[in-house]
Structure formats: structure tokens, C-alpha cells
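User: I would like a close look at a single part of this model. Please take one strand and work outwards from there.

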Amino acid sequence: MKSLRLPCLERAGLDGWMVRLFDRIEENNLLWLAALAGECETEFGDTLVDLVPSYTTLLVVFDPFRLTPCDARQKLIAILARLEPADAGATSKQHCLPTWYDPRSGPDLQRVAELSGLSVNAVIDAHSARDYRVFALGFAPGFAFMGLLDTALICPRLDTPRQHVPAGSVAIAGQQTAAYPAATPGGWNLIGRTPTRLFDRDRDGFSLLQVGDRVRFVPVDQATFEARGGDTKAVSQPGPAQAR
């Protein structure tokens with residue numbers, strides 16, 4: 001396959017195969033992963049149970065009562081032999097998330113500024129200046145792992161995570177950015193907050209953001225944030241918790 005690393009098929013229990021396409025996180029990976037997911041839906045038909053994409057892999061879960069692991073593997077080998085990347089414009093939706101960047105909503109803005117050597121305003125400008133691709137969903141329902149950050153903004157997670165991060169909190173960690181869809185513990189650096197509802201059980205698909213989508217964070221002032229339903233409650237101090 002041209003421009004595609006040799007894939008690796010790994011057993012994932014009695015009803016799944018993990019298809020590992022890449023060993024590095026890159027935006028163009030998603031074009032191959034989207035194509036692979038589409039081909040699996042066609043090839044497996046109603047024997048397909050689930051597809052779980054990530055940065056470099058696709059977990060293919062099938063019905064073991066209707067398809068043997070060996071037959072599923074042969075289907076995947078045939079798919080990989082003919083795989084071509086998906087069209088970039090056909091794999092994503094564009095979302096603009098209004099974001100109130102402020103030390104009150106993003107108490108780690110100053111920390112990120114100090115780590116990056118930038119001013120707080122420069123951090124905001126850098127974070128809001130580009131589109132981010134949704135690489136994976138996980139940790140909590142509707143939580144979208146997005147990237148890649150401007151290299152100047154790359155910073156580690158907090159040593160001690162917060163016990164409570166408000167819903168809508170916009171955060172960064174490593175090469176990634178995200179917005180918390182619900183109030184949960186969290187160890188990412190909080191730099192702002194969006195009033196957009198990211199997870200809704202009454203919405204088709206539940207999660208506003210889906211793998212492959214593009215997201216732009218758009219700076220707004222506090223008045224606009226509140227007018228759109230934003231919650232201005234204070235963020236708790238870091239404390240012991242299990243976080244992502």
C-alpha cells in the first residue's frame with residue numbers, strides 16, 4: 001500500500017481484531033482510519049458489532065456466533081490490500097466552540113504561559129488560531145481528544161488532578177486539547193470554558209463531536225459566554241483524584 005505503514009493485526013479477545021496502522025499521531029492518519037472503518041462496515045455487514053477508532057488504530061468487534069476470528073482476519077487482510085485514504089472533505093464536520101478564556105474559567109492560563117514563555121494573550125491567540133481534528137472519543141461520554149497543538153503550547157498534565165472540573169472546561173495536555181462535556185475529575189490544564197453542550201442524550205449520536213471532525217475555539221467575552229448559557233462557577237483547587 002502506497003504511503004501506508006505495514007499494518008499489524010492484533011487479537012482483541014474472541015470477538016475482535018485491533019488493526020494498528022501507524023505508530024505516530026498525525027492528522028492524516030484519520031483519512032486512512034476513516035477509510036478502513038467505511039470498508040469494514042461494508043465488508044462485515046450485519047456481523048459487525050462495533051468500530052472503535054483511535055489515533056493510530058481501529059478496533060473491529062464482530063459477532064463471534066456468526067463469524068470466526070479467522071474469517072474476520074481474512075476480511076481485514078482483503079480490506080487492507082485495497083485500502084486508499086478517504087477524501088479529506090468527506091470525513092469531517094466543522095464546529096466552532098465559543099470559548100471564554102479567562103483566569104476565572106481557565107485557572108491554568110498563567111501556568112501555561114509560564115511554561116511556554118508566552119504571555120497569557122499569546123497563549124489564547126495560539127490556541128484559538130487553528131482547527132483541531134478529533135482523534136478519539138473516550139474517558140467520559142462525549143470527551144473528544146483533539147490535536148495537534150501549536151508546539152509552543154505543549155505542556156504536561158497537572159501533578160495533582162482536580163477533583164471537580166466544570167462542564168465545558170477547555171483544556172490542554174501534551175499535544176492535545178479537549179473540552180470536558182460534564183463535570184468530572186480532571187488533570188488537564190484549564191485555559192477557558194465553552195457554553196456549548198457537548199453531550200446530549202436526546203441528540204442523535206449523543207456526542208456533538210465525532211472522530212474526524214474539525215473544531216475551532218472562538219474567543220468570546222464573559223457577557224457573551226453567560227448569554228449563551230455558560231456557567232461561571234469557580235474551579236476547584238487540585239486534589240487527589242483519578243483523572244485523564
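In S10, which residue is the bridge partner of Met-146? Please start there, then describe the surroundings of the strand.

Analyst: The partner is Thr-177. The model is a predicted one, and that applies to everything below.

Start with the strand itself. S10 covers residues 176-179. Its side chains alternate: Gln-176 and Ala-178 point one way, Thr-177 and Ala-179 the other. All of them are buried. Gln-176 counts as buried because its relative accessibility is 15%, and the cut-off is under 20%. Leaving aside residues up to four places away in sequence, Gln-176 touches Tyr-55, Phe-145, Met-146, Leu-149, Ala-171 and Trp-188.

Now the partners. Strand S7 (residues 144-147) is joined to S10 by 2 bridges, and the two run antiparallel. The Met-146 to Thr-177 pair belongs here. Strand S9 (residues 169-173) also pairs with S10 in the antiparallel sense, over 4 bridges. Thr-177 appears again in this pairing, with Ile-172 standing opposite. S9 and S10 form a hairpin with 2 residues between them. In the turn, Gly-174 has a positive phi of about 60°.

Step across to S9 and take Val-170, which lies in that strand. Val-170 has 0% relative accessibility and counts as buried. Its contacts, not counting residues up to four places away in sequence, include Thr-177, Ala-178 and Ala-179. Val-170 also touches a run from Asn-189 through Leu-190, Ile-191, Gly-192 and Arg-193 to Thr-194. Thr-99, His-127 and Phe-217 complete the set. Thr-99 is 71 residues from Val-170 in sequence, yet their C-alpha atoms are 7.7 Å apart in space.

The sheet around S10 comes next. It is open and has 7 strands in the order S5-S13-S6-S7-S10-S9-S12, with mixed pairing. Strand S5 (94-99) and S12 are the edge strands, each pairing on one side only. Neighbouring strands are turned by 35° against each other on average, direction ignored. S5 and S13 pair in the parallel sense, over 6 bridges. Within that pairing, Cys-96 has Arg-216 of S13 as its bridge partner. Cys-96 is exposed, at a relative accessible area of 52%.

Two helices belong in this picture. H3 lies across S9 and S12, running at about 125° to S12. Helix H4 (residues 120-128) has Val-123, Ile-124, Ala-126, His-127 and Ser-128 as its buried residues. The elements that cover them include S9 and S10 themselves. Helix H3 (109-116), strand S6 (132-137), strand S12 (189-193) and strand S13 (214-219) are also among the cover. His-127, one of those buried residues, is the one listed above as a contact of Val-170.

There is another sheet in the chain. Its 4 strands form an open sheet in the order S1-S2-S4-S3, with antiparallel pairing. Strand S1 (8-11) and strand S3 (48-53) stand at its edges with a single partner strand each, so one side of each is left without a neighbour in the sheet. Neighbouring strands here are turned by 20° against each other on average, direction ignored. S1 is joined to strand S2 (residues 16-20) by 4 bridges, antiparallel. One pair in it is Cys-8 with Arg-20 of S2. Helix H1 (residues 29-44) packs on this sheet and touches S2, S3 and strand S4 (57-62). The direction of H1 makes about 15° with that of S4. Helix H2 (residues 69-82) lies across S1, S2 and S4, at about 25° to S2.

Cysteines deserve a short check. A search of the whole structure finds 0 disulfides. For Cys-70, the closest cysteine sulfur is in Cys-40, 16 Å away and too far for a bond.

Finally, the setting. The chain has 5 helices and 13 strands. Its radius of gyration is 20 Å, close to the 18 Å that the globule rule gives for 244 residues, so the chain is as compact as a globular protein of that length. The C-alpha trace spans about 55 × 35 × 35 Å along its principal axes. Of the 244 residues, 45% count as buried. Among contacts with a separation of 6 or more, 65% come from residues 24 or more positions apart. The chain exposes about 11900 Å², with 50% of it supplied by carbon and sulfur atoms.

How values were computed
Residues numbered from 1 in each chain as written. Predicted model: local features only at pLDDT ≥ 70, side-chain atom pairs only at ≥ 80, totals over all residues. Heavy atoms only, no water. Pairing = 2+ DSSP bridges. Axes fitted to C-alpha atoms, helices over the stretch in contact; angles between N-to-C directions. Contact = heavy atoms within 4.5 Å. Buried < 20%, exposed > 50% of the residue type's maximum accessible area, 1.4 Å probe, protein only. Disulfide = S-S within 2.5 Å. Rg over C-alpha atoms; globule rule 2.2 N^0.38 Å. Areas by Shrake-Rupley, 256 points an atom, 1.4 Å probe, with all protein chains shown as cover.
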